[in-house]
Amino acid sequence: MLGYTIRRLLATIPVIGMVALFVFSLLYLTPGDPAAVIAGDIATVEDIERIRQNLGLDQPFLTRFWVWAAAVLQGDLGISIFTNLPVTQLIGQRVGPTLSLALCTLLVAVLVAVPMGVIAAWKAGRILDRLVMLFSVAGFSMPVFVLAYVLIYLFAIDLDWLPVQGYTPLRDGFWPWLSHLILPSIALGTIYIALIARITRAAMLEVLAQDYVRTAHAKGLAPSAVLMGHALKNAAVPIVTIIGIGVALLISGVVVTESVFAIPGIGRLTVDAILRRDYPIIQGVILLFSTVYVLVNLAVDLSYRFFDPRIQY
Amino acid sequence: MFANRRSALAALWLVSALAGSGLLTVSAAAQQKTLKFVPEADLRSLDPIWTTAYITRNYGYMVYDTLFAVNEKFEVQPQMVETWTLSDDKLSYKFTLRDGLKWHDGQPVRPIDCIASIERWAKRDALGQKLADLTDSWTPIDDKAFTLKLKKPFPLTLDALAKPSSNVPFIMPERVAKTDAFTQITESIGSGPFKMVKEEWVPGNKVVFVKNTDYQPRKEAPSWASGAKIVKVDRVEWVYIPDSATAAAALNAGEVDWWQMVPPDLVPLLAKNKDIKVENTDPLGSIGLLRFNQLHPPFNNPKMRQALLYLVNQQDYALAIAGDAKQGKPCPSFFTCGSPAESKVGSQVLTGKRDLAKAKQLIQEAGYKGEKIVILSATDQPIVHSQGLVTLEILKSAGLNAELAANDWGTLINRRAVKEPIDKGGWNIFHTWLVGPDMTNPAINYPMRGVGEKSWFGWPTDPKMEDLRNAWFDATDPGQQKQLIDAMQEHGWETVPFIPTAQFVIPTAYRANVSGLLISPVAFLWNVEKK
């Protein structure tokens, strides 16, 4: 297990390296010029060229990649072209809101979706099952931003229960922190709930048809004990897998959610950087996202052994 | 038990992670009177000389001060300067600074700071470059006075030092102003009415300013960037909300106090709320522009450009941009309507009956052979995109083979710098807009320039226009200056360096407990009260 973990961790290095090269190449080929954005509408071609030279953007591809990669190997993600602040500092400023939003969303999604999926499987073919599936289809079909506006209108403007936008750090109190995350978490979590609920239902239906479940029922165990103690644990592998895959969905989802709710997270940092072609930020954030994604996948793989001891590494 | 301990550890980890990102320190700003302001854009750079972005100019007005400033009558007024004199030969100015001018770090403002700042500004700004060309020397006399010696009289010297829009000649400490003009400064130390709290700056989200208690306002009433800059709140937070619907909801809910630029379609929604006021506080507004690439066919032929004058209906553009006749209107002048430079000479070419037959005749005379016409557009910039859509329709109505190359603004500004033909990534037309103060005279109206490949994008070559502009620089009499502006306009209808599409104002909205907003082309935050 330990050897497997180390091997997997070592395998992430070339993966991250490939991602870095791919992202750098993609940005190099993408039309757009940060020097032109910086110079503004009034600048001349000569002004833009001077700024480009000062930023080193006139250097050949390999030179630029080598300078950047060498710095990254030393833990330096570079300096934002526009703000002149270190990318690590900018990411550091944004980690809190995004981490808070992601954790709340995951929490909401898992706490709601897994019971929904279990109940739907338990009552398969009945009205409760159909309601869960209806919600699942609706939740999966509704764009995050539409749901976000509906939630803002209902709960922030009409009922005035929750704030419209922004983020309050935990240092300013638990409720202010949580109150700013409830609507974004629901908006972002709905699609995730729909996905996990469907997968949970499918996995549970398969498990509930197994002989050992019938045996458990025959032994006289309570339905809840059979569902939670026997069936759910055996259905956990695909559920955990989909939660892991969902992290990727979450990463793309926070971009929209953070924009609509004006949360200063990493998603908005990414969008803003792309729009103005702030290459060091884009490269830094994508490296971060790919690292997180690789590590989440590793954690998911390792968790299989917890749920199914037959799995050996 | 084990599970409980694991849960507790997980909770501890979560709290540690959040604390590690600086989230668990106590805020000290709770009790202050704070004005929450939603600005027009995200502040990305702290250097108003390095970039011409209007948001950085606005930041500059918060933190820095200027030697002179223009008032609402377009008169130059002293700002940091107490007195000034001009020698009889009009070659030597002497400036004396006001008492009590201090940098945010408590150090006094010195003449050497002013000189270094003006010299850096002059390396980037067109009017500044003109002043620099005519400058013999800047010399500090003592700790408050300095002189400017010119090689030849330059009647626009004070106008240059009072330039109200990008690049504004803000005064910075000498050590900062010594930075190369093409390298961004990182410090935020000025002598203006607000101090930036840099530790609280979260790019893309929030910029925090506090009142500069050392600031000594002038005695005169505030008028545009001149006069008393009295700060009436303790703290100003610029809260950048990228989504318009969210910003509207935040203002409705009272989470923010003032939203600088309200998209026209959201005005009716906000106007329904009795606790919100929606007003036009910008007397000059902005001007939409249709710009041609004059390096390549078909718009290298003036008849093709003239043809479009008979097709453009400014009412259509005004409506497309502003969505409401109250916010947009025709402005058939190459210079900002409402400014002293506004000219009506030859404007009937845009105000008269639209004449498709005349346009088609000019197109035929130009020898147009159906070449493809590429109109650059940016879908993330509604003002740019709406103009592009209108232009596409009018070109098609005249039988021109036009297509819209829609992308984002970042791509547009990159492609518009391409001087190659369209089959090699070039372009024929793009649209943008400039704020009114940027087109109030020939010195700063750079789309009028005709210096070939050194001109602004589109690169017109027009020696006669340059001669008229140079004559305007030398003119000392306001009447003579106006005649030259009229002559430039008359010539402009022949060469058509660009077509002004409309003049529009983007309204501002604020909570009813906010008062004291200044009527000005820039959203200044001094004089603003919150009850």
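Here are a few notes on this predicted model, covering a helix pair in chain A, a strand in chain B and the contact between the two chains.

1. Start with chain A, where helix α5 (residues 87-122) packs on helix α6 (residues 127-141) at an angle of about 140°, the axes being 8 Å apart. Angles over 145 degrees would count as roughly antiparallel, so at about 140° α5(A) is oblique to α6(A). The crossing of these two helices, α5(A) and α6(A), is left-handed.

2. Who touches whom there? On the α5(A) side you'll find Met116(A), Ile119(A) and Ala120(A), and they meet Leu128(A), Asp129(A), Val132(A) and Met133(A) of α6(A). Sorted by class, this contact has six nonpolar residues, one charged and no polar ones.

3. Over in chain B, have a look at strand β19 (residues 429-435), which is mostly covered, with seven of its seven residues buried. Ile429(B), His431(B), Trp433(B) and Val435(B) point one way from β19(B), while Phe430(B), Thr432(B) and Leu434(B) point the other way. That fits the usual pattern: in a regular strand, side chains alternate between the two faces of the sheet.

4. β19(B) has a partner in strand β15 (residues 286-292) of chain B, and the two pair in the antiparallel sense over seven bridges. If you want one pair to click on, Arg291(B) has Phe430(B) as its bridge partner in β19(B).

5. Now the chain-chain contact, which takes 50 residues from chain A and 46 residues from chain B. On the chain B side, the elements giving two or more residues are α1 (2-20), α7 (244-252), α14 (409-415) and β19. By class, that side of chain B splits into 20 nonpolar, 18 polar and eight charged residues.

Note on methods
Residues are numbered from 1 along each chain as its sequence is written. Chains are lettered from A and ligands numbered from 1 in the order in which they are written. This is a predicted model: local features need pLDDT of at least 70, side-chain atom pairs count only at pLDDT 80 or more; totals for chains, interfaces and linings use all residues. Axes are lines fitted to C-alpha atoms, for helices over the stretch in contact, and angles run from 0 to 180 degrees between N-to-C directions. Helices (H or I, at least four residues) and strands (E, at least two) are DSSP runs, numbered from the N terminus. Angles under 35 degrees count as roughly parallel, over 145 as roughly antiparallel, 65 to 115 as roughly perpendicular and the rest as oblique. A crossing is left-handed if the near helix is turned anticlockwise from the far one by less than a right angle, and right-handed if clockwise. Two residues are in contact if their C-beta atoms, placed from the backbone, lie within 7 Å. Ala, Val, Leu, Ile, Met, Phe, Trp, Tyr, Cys and Pro count as nonpolar, Asp, Glu, Lys and Arg as charged, and the others, Gly among them, as polar. A residue is buried if 20 or more other C-beta atoms lie within 10 Å of its own, exposed if 12 or fewer, and partly exposed in between; C-beta atoms are placed from the backbone. Two strands pair if DSSP finds at least two bridges between them.
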